[in-house]
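Reader: Before the discussion begins, please place the sequence and the structure in view. The questions that follow concern charged side chains and backbone angles.

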Amino acid sequence: MMKTTQTPLNKEEQRRLNQIVQQLLDSNDSVEFRQPVDYKALNLHDYITIVKKPMDLGTVQRKLNSNTYKTVEECLDDIQLIWDNCKLYNGSQSWITKLAEKLERLFKKNVRNYLPLVNLPQLVPKYKDAGADVFQEEPQDQVSYNDKVEFSNNLKQLAAEQIGLIVHMIQNTSPNAFVEIEGEKYQIIVDYIEYEAFVKCQKQIQTWIAGDTINKKVKI
């Protein structure tokens with residue numbers, strides 16, 4: 001992930017991280033990720049040459065409880081590494097990769113819930129080519145930091161009706177990104193907007209600004 005600020009791991013953060021890890025361990029989908037991959041028993045002779053730093057949920061929990069982690073981000077990086085290792089070794093179409101992706105979504109959702117001020121790991125996984133020894137980065141639709149800043153700044157320029165339309169779009173496509181604070185006050189968490197929805201909203205906002213329709217009635 002991009003190293004920006006590091007969050008010291010105090011007792012409260014440790015408690016919340018334990019909750020995140022425990023929810024992952026309790027998931028029926030996490031059986032394959034609760035202990036280190038037994039590559040010898042599974043005859044995965046190339047595993048340690050491909051996966052440079054093996055990781056699993058049980059190891060994360062032990063490191064967390066033994067105070068090995070000094071920052072929240074160190075722990076989150078190790079959890080993210082579990083999913084990335086799985087994708088790297090098994091390829092994008094494998095059933096176990098699908099499980100890893102499902103757990104990754106749960107993981108990120110829980111981080112947002114328990115640690116809303118902490119940046120999520122932003123790693124681009126590599127996938128193993130079927131039948132080859134070549135590894136390729138899986139193309140990902142990902143919003144850049146600059147795009148997020150531009151989106152937030154442009155949003156502030158809109159008229160109330162236009163903001164309402166953008167909010168409506170986000171509610172329909174990315175409900176987790178829309179938070180109603182009180183009454184008619186809202187908060188949009190840009191990081192939670194689905195990529196396609198973000199692009200659609202961004203284009204609409206740019207059209208309004210470029211066409212000088214900020215104070216005109218508009219429809220989407």
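Reader: How many salt bridges does the structure hold?

Author: The model is predicted. Side chains of opposite charge can pair when their charged atoms come close. Counted as a side-chain nitrogen of Lys or Arg within 4 Å of a carboxyl oxygen of Asp or Glu, the salt bridges in the structure number 7.

Reader: What is the N to O distance in the salt bridge of Glu12 and Arg15?

Author: Glu12 and Arg15 are both part of helix H1, where they stand 3 residues apart, about one turn of the helix. Glu12 is partly exposed, at 31% relative accessibility, and Arg15 is partly exposed as well, at 41%. Their side chains meet in a salt bridge with an N to O distance of 2.5 Å.

Reader: Which residues are joined into one network by salt bridges that share partners?

Author: The side chain of Glu12 forms a salt bridge with that of Arg15, and Glu12 also meets Arg16 in a salt bridge of 2.8 Å, N to O. Glu12 and Arg16 are 4 residues apart in helix H1, so about one helical turn separates them. Arg16 is partly exposed, with 28% relative accessibility. Asp29 and Lys102 also meet in a salt bridge, but the network joined through shared partners consists of Glu12, Arg15 and Arg16.

Reader: How many residues apart in sequence are the parts that Asp29 and Lys102 tie together?

Author: The side chains of Asp29 and Lys102 meet in a salt bridge at 3.0 Å, N to O. Asp29 lies in the loop between H1 and H2, whereas Lys102 belongs to helix H5 (residues 95-114), so the pair ties together parts whose separation in sequence is 73 residues.

Reader: Is Asn43 buried or exposed?

Author: Asn43 is located in the loop between helix H1 (11-26) and helix H2 (47-50). Its phi is near 60 degrees, a positive value in a residue other than glycine. Because the relative accessibility of Asn43 is 53% and the cut-off for this class is over 50%, Asn43 counts as exposed.

Reader: What is the phi of Asn67 near?

Author: Most residues other than glycine have a negative phi. Asn67 lies in the loop between helix H3 (57-65) and helix H4 (72-90), and Asn67 is partly exposed, with a relative accessible area of 46%. Asn67 is a residue other than glycine with a positive phi, near 60 degrees.

Key:
Residues are numbered from 1 along each chain as its sequence is written. This is a predicted model: local features need pLDDT of at least 70, side-chain atom pairs count only at pLDDT 80 or more; totals for chains, interfaces and linings use all residues. Side-chain values use heavy atoms; hydrogens and water are left out. Helices (H or I, at least four residues) and strands (E, at least two) are DSSP runs, numbered from the N terminus. Buried means under 20% relative accessible area, exposed over 50%, partly exposed in between (1.4 Å probe, protein chains only).
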